Amino acid sequence: MSAKAKVLTAVLLVSVFCIGLAGGYFGAYFVSNKDISSDSDMASDEEGKTVKEQDSKKEIDFTDIVTDAFCKTVPYEYGEYSYRIPQLNYVGNGVDEFNKKMYDELYALYTDSEAASVNLGGEPQLGDISYTWYHTDELISVVAFTSDNQYYNPLFYVYTYSFSDEKELTKSDIITLEGYTEESFNQKVRENVQKVTDNVLENNSGVAGESVFRETIDMTLDEEHINKAEPFYNSNGELCCISDIFSLGGAGMYRHMINLETGTDACDFECGNK
């Protein structure tokens, strides 16, 4: 091989070697950057999901979360009654329907009472209508009630709204949410009403004989009344209900707020507006 040929061969080999090195470098660079870009995209996706999850959890200001939608004071011969209807102040799906249901039911009580007063010497048929509420970060229960008067024992109405689901929770919804069937829920109510009834009636057993005492307990635990129990939640997130307990003194029955987790009478109205 001539000297010139040898030089050309050497130059060719060096060129091939340099091109190989360059190809390896750029290949590694692009692979590395592809991995970095992929990792960055995944991180962005995760951050995006986190932001969306945070956005979906609204921060709720519970100051004035429930206020009056309607308030009127009605005087009569011996004093006055106050009628107050609540509204939930929250921006979310189903709130308008939730507020309308409360207003329609409670305003009907007020108008019926006013109409009946014509035949009652001007005294409203029902006592005051007022309300209280209990909330956790996930839901709120509004309990509306009337005061006692000579014509009616107190009446109670319960309304529960889920902030997380943005809808009213019906009795059926709450039973399912708590893992009960209708039958097992009624049994839970019966057991706890029994505890409260034993305590309430035994403390007043002297006003009636043993037969009346037993009969009153039987009426209280009758299926008809147990099935009417209305569930709601207190501010500890504990399941409670409104249920009837009959009176030994012959005054009919009184509705009680009963904590279904502790078996205690929860008629203290310590939470919310009084």
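Q: Two strands count as paired if DSSP finds at least two bridges between them. With that in mind, how many bridges join E7 and E8 in this predicted model, and in which sense do these strands pair?

A: In general, strands of a sheet pair through backbone hydrogen bonds, either parallel or antiparallel. Here, strand E7 (residues 230–233) pairs with E8 over 4 bridges, in the antiparallel sense. Within this pairing, Phe232 has Cys240 of E8 as its bridge partner.

Q: How many residues lie between the strands in the hairpin of E7 and E8, and which residue there takes a positive phi?

A: The hairpin has 5 residues between E7 and E8, and Gly237 takes a positive phi near 80°.

Q: Which strand is joined to E8 by 7 bridges?

A: That strand is E9 (residues 253–259), which runs antiparallel to E8. Two opposed pairs can be located in the model: Ile242 stands opposite Met257 of E9, and Ile245 stands opposite Tyr254 of E9.

Q: What joins E9 to E10, and where is the positive phi in their hairpin?

A: E9 and strand E10 (residues 264–265) run antiparallel and are joined by 2 bridges. Asn259 stands opposite Thr264 of E10. Their hairpin has 4 residues between the strands, and Gly263 takes a positive phi near 70°.

Q: In what order do the 4 strands lie in the sheet, and which are the edge strands?

A: The strands form an open sheet in the order E7-E8-E9-E10, with antiparallel pairing. E7 and E10 are the edge strands, since each pairs on one side only.

Q: How should the side chains of E8 be read: which residues point one way and which the other?

A: In a regular strand the side chains alternate between the two faces of the sheet. In E8, Leu239, Cys241, Ser243 and Ile245 point one way, Cys240, Ile242, Asp244 and Phe246 point the other way, and all are buried. Strand E8 (residues 239–246) is thus mostly covered, with 8 of its 8 residues buried. For E9, 5 of its 7 residues are buried, so this strand is largely enclosed by the rest of the structure.

Q: How is a helix read in the same manner, and which residues of H5 are buried?

A: An α-helix has 3.6 residues a turn, so residues three or four places apart point the same way. In helix H5 (residues 210–220), the buried residues include Phe213, Thr216, Ile217 and Thr220. Viewed down the axis of H5, its buried residues fall within an arc of 95°, so they line one face of the helix. The face turned away from this buried side carries the exposed residues Ser211 and Asp218.

Q: What is the average pLDDT of the protein, and which elements have the lowest and highest means?

A: The protein averages a pLDDT of 78, and 68% of the residues score at least 70. Among its elements, helix H1 (residues 3–56) has the lowest mean pLDDT, 45, and strand E6 (residues 167–169) the highest, 98. Over residues 3–14 the pLDDT stays under 50, and the model has 2 contacts for them beyond four places in sequence. Over residues 268–274 the pLDDT is also below 50, and this stretch has 19 contacts in the model beyond near neighbours in sequence.

Methods:
Residues are numbered from 1 along each chain as its sequence is written. Side-chain values use heavy atoms; hydrogens and water are left out. Buried means under 20% relative accessible area, exposed over 50%, partly exposed in between (1.4 Å probe, protein chains only). The arc is that of the directions from the helix axis to the C-beta atoms. pLDDT is the predictor's confidence in each residue, from 0 to 100. Contact means heavy atoms within 4.5 Å.
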